[in-house]
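Biologist: I should be grateful for a close look at one part of this protein, namely its open sheet and the residues around it. Please describe how the strands are arranged and what surrounds them.

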Amino acid sequence: MFDIILGVVALFTLALFGAAAYLVGRALLKKFNRETGTDMESPQAQSSPNKVTPKNTTLLKALTIGILSIIALIPLGIIMDMTSDREALYHSVVDEIGHSWGEQQTLSGPVLVIPYSYFVMQEEVSNDGKTRHQVKRTYQDELVILPKKLQLDLDLKHDFRTRGIYQSLVYNAALQGKADFSLNNYEIPNLIAFDNTNARLVFGVSSNQAIDKVDKLEITGDTVKLSGSLMSGTGLGTTGGLEKGFNQGVQVGEASDFSVDFAMTLRGSQSISALPLGEQTLLNIHADWPHPSFKGLLPAEREITANGFTASWNISHLTRNYPQEFIKSNQSTLTEVSANAILFEPVTHYGKIERSVKYGLLFIVLTFIMLFIFELGQKTSLSTIQYMLVGSAMALFYLLLLSLSEHLAFLHAYLIAACIPVLSVSAYVGSATASMKRGSIVGLMLVSLYAVLYSILQLEDYALLMGTGLLLVVLLILMFVTRHQPKNTAQ
């Protein structure tokens with residue numbers, strides 16, 4: 001409410017400033033006319049309006065266009081704020097849907113965790129403080145072993161979830177993987193014993209609530225077997241990348257090789273990532289969404305079509321700085337390197353509207369210049385009030401575009417919103433000049449202008465080039481139309 005009041009006050013203040021500037025400019029022109037022998041208020045000037053110096057009329061019109069262009073910043077600023085507010089609301093709804101359905105998923109594991117005990121000799125002082133003796137204390141910790149080879153295959157199916165007038169892009173992911181482990185005789189200082197019967201396989205995900213089900217979990221190896229059932233949680237809350245997920249108890253031998261085959265389905269939104277925990281990690285992602293964006297480690301191979309994309313990674317453990325085996329209490333972080341695929345929405349309609357409003361002042365000024373060129377070429381004249389109403393129709397286009405784009409496809413919303421200024425302004429100019437031909441000319445000019453604006457919105461990489469070219473064309477046309485002004489002034 002405060003912003004609206006402040007905007008109204010600013011608009012009123014700027015209007016007063018514009019009116020004052022207009023009156024001052026008009027007074028200066030009158031003074032100049034008197035000094036040159038042309039009194040605008042004299043009966044001769046009133047009876048012979050054609051005697052007004054074209055140079056002075058052109059200067060006054062240019063001053064009026066400049067003031068109206070400055071005033072146009074106010075409605076454009078209000079519309080820009082509304083666009084930002086609506087976009088912020090959209091993103092909050094998308095985040096809320098993602099939190100309910102499944103957030104951006106990061107997959108890690110499986111890793112093998114083996115508990116062990118060790119001792120520490122500590123020196124203690126007796127109660128009397130005179131003698132010292134050694135005390136052997138036993139502690140518990142866990143050894144985390146990463147796989148020798150890890151292969152992950154992900155198949156993503158996109159979908160949309162709607163809340164109110166907003167919708168969010170989500171996906172269902174089918175994961176199939178295989179991890180090969182090779183256990184050795186690990187040397188740990190002051191080791192007492194490994195608890196191989198209470199080992200566990202840990203699978204990390206970003207959000208447990210997004211796990212639909214674990215379809216398969218099989219172990220191939222003579223000295224390894226499953227024990228118990230799947231349990232929620234990882235027990236590795238201090239290890240970055242493995243804070244959340246689930247685990248499966250296993251019994252392992254002292255030194256053995258085994259493989260883990262697993263499959264699961266889970267949900268997510270916006271993006272999916274995988275941590276390369278194997279000495280050699282093979283990752284394949286297939287999705288039916290045609291607009292991917294890759295971050296982190298880029299895929300070695302990728303193929304993007306209109307029906308989706310496929311990307312493959314082959315990642316060595318040399319790309320990261322943590323070892324294949326580490327102690328849980330060391331609080332290692334495994335998230336420094338990841339392979340990330342984003343289901344990217346190229347440009348939301350809010351992004352296009354925001355970009356179009358940024359060009360708003362330019363296009364309002366260009367419309368005024370086109371009308372000015374039209375006046376010079378057709379030898380007619382439009383009043384200041386008529387220019388203001390034309391500018392209002394141009395500003396209303398962006399508000400219509402914002403409101404319609406929330407319910408229609410952007411192209412349809414753009415066409416409907418553009419029809420309002422094109423039809424209203426051309427009809428208004430035709431009526432004001434009592435010439436349907438002149439109104440049609442203005443309509444053609446506006447159609448060309450809005451066609452260029454739509455092209456700029458679609459071609460992001462060439463927007464600056466097209467905008468600069470448009471300004472150059474308008475400047476050349478203006479120079480061509482006004483090329484005989486000095487001659488008329490002399491006459």
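Modeller: In this predicted model, 7 strands form an open sheet in the order 7-10-4-3-12-15-14, and their pairing is mixed. Strand 7 (211-220) and strand 14 (301-305) stand at the edges; each has a single partner strand, so one side of each lacks a neighbour in the sheet. From one strand to the next, the twist averages 10 degrees.

Within this order, strand 12 (residues 280-287) and strand 15 run antiparallel and are joined by 8 bridges. In general, the strands of a sheet pair through backbone hydrogen bonds, in either a parallel or an antiparallel manner. One position in this pairing may be named: L282 stands opposite N314 in strand 15. A helix also belongs to this picture. Helix 4 (residues 73-101) packs on the sheet, where it touches strand 3 (149-163), strand 4 and strand 10 (257-269). The direction of helix 4 makes about 40 degrees with that of strand 4.

Strand 15 deserves attention at the level of single residues. I315 is found in this strand, which spans residues 308-316. The relative accessible area of I315 is 6%, which is under 20%, and therefore I315 counts as buried. Leaving aside residues up to four places away in sequence, I315 touches P276, E279, Q280, T281, L297 and A339. The C-alpha atoms of I315 and L277 are separated by 9.3 Å, and the two residues lie 38 residues apart along the chain.

W313 has contacts of its own. Again without residues up to four places away in sequence, W313 touches T281, L282, L283 and I285, together with F294, L297, L298, P299, A300, A339, N340 and A341. T281, L297 and A339 thus appear among the contacts of W313 and also among those of I315.

W313 leads on to the nonpolar interior. The largest nonpolar core has 50 residues, and W313 is listed with L112, V252, F258, V260 and I285 as having the most contacts inside it. Strand 4 (residues 166-182) supplies the largest share of this core, 6 residues. A second, separate core of 48 residues includes I97, Y166, L371 and L470.

A last element is helix 7 (residues 384-405). Its 22 residues reach 32 Å from the first C-alpha to the last, close to the 32 Å expected at 1.5 Å a residue. Among the buried residues of helix 7 are Y387, V390, M394, F397, Y398, L401 and L402.

Terms used: Residues are numbered from 1 along each chain as its sequence is written. This is a predicted model: local features need pLDDT of at least 70, side-chain atom pairs count only at pLDDT 80 or more; totals for chains, interfaces and linings use all residues. Side-chain values use heavy atoms; hydrogens and water are left out. Helices (H or I, at least four residues) and strands (E, at least two) are DSSP runs, numbered from the N terminus. The expected span of a helix is 1.5 Å times one less than its number of residues. Buried means under 20% relative accessible area, exposed over 50%, partly exposed in between (1.4 Å probe, protein chains only). A nonpolar core is a set of buried Ala, Val, Leu, Ile, Met, Phe, Trp, Tyr and Cys residues joined through side-chain atoms within 4.5 Å. Contact means heavy atoms within 4.5 Å. Two strands pair if DSSP finds at least two bridges between them. Axes are lines fitted to C-alpha atoms, for helices over the stretch in contact, and angles run from 0 to 180 degrees between N-to-C directions.
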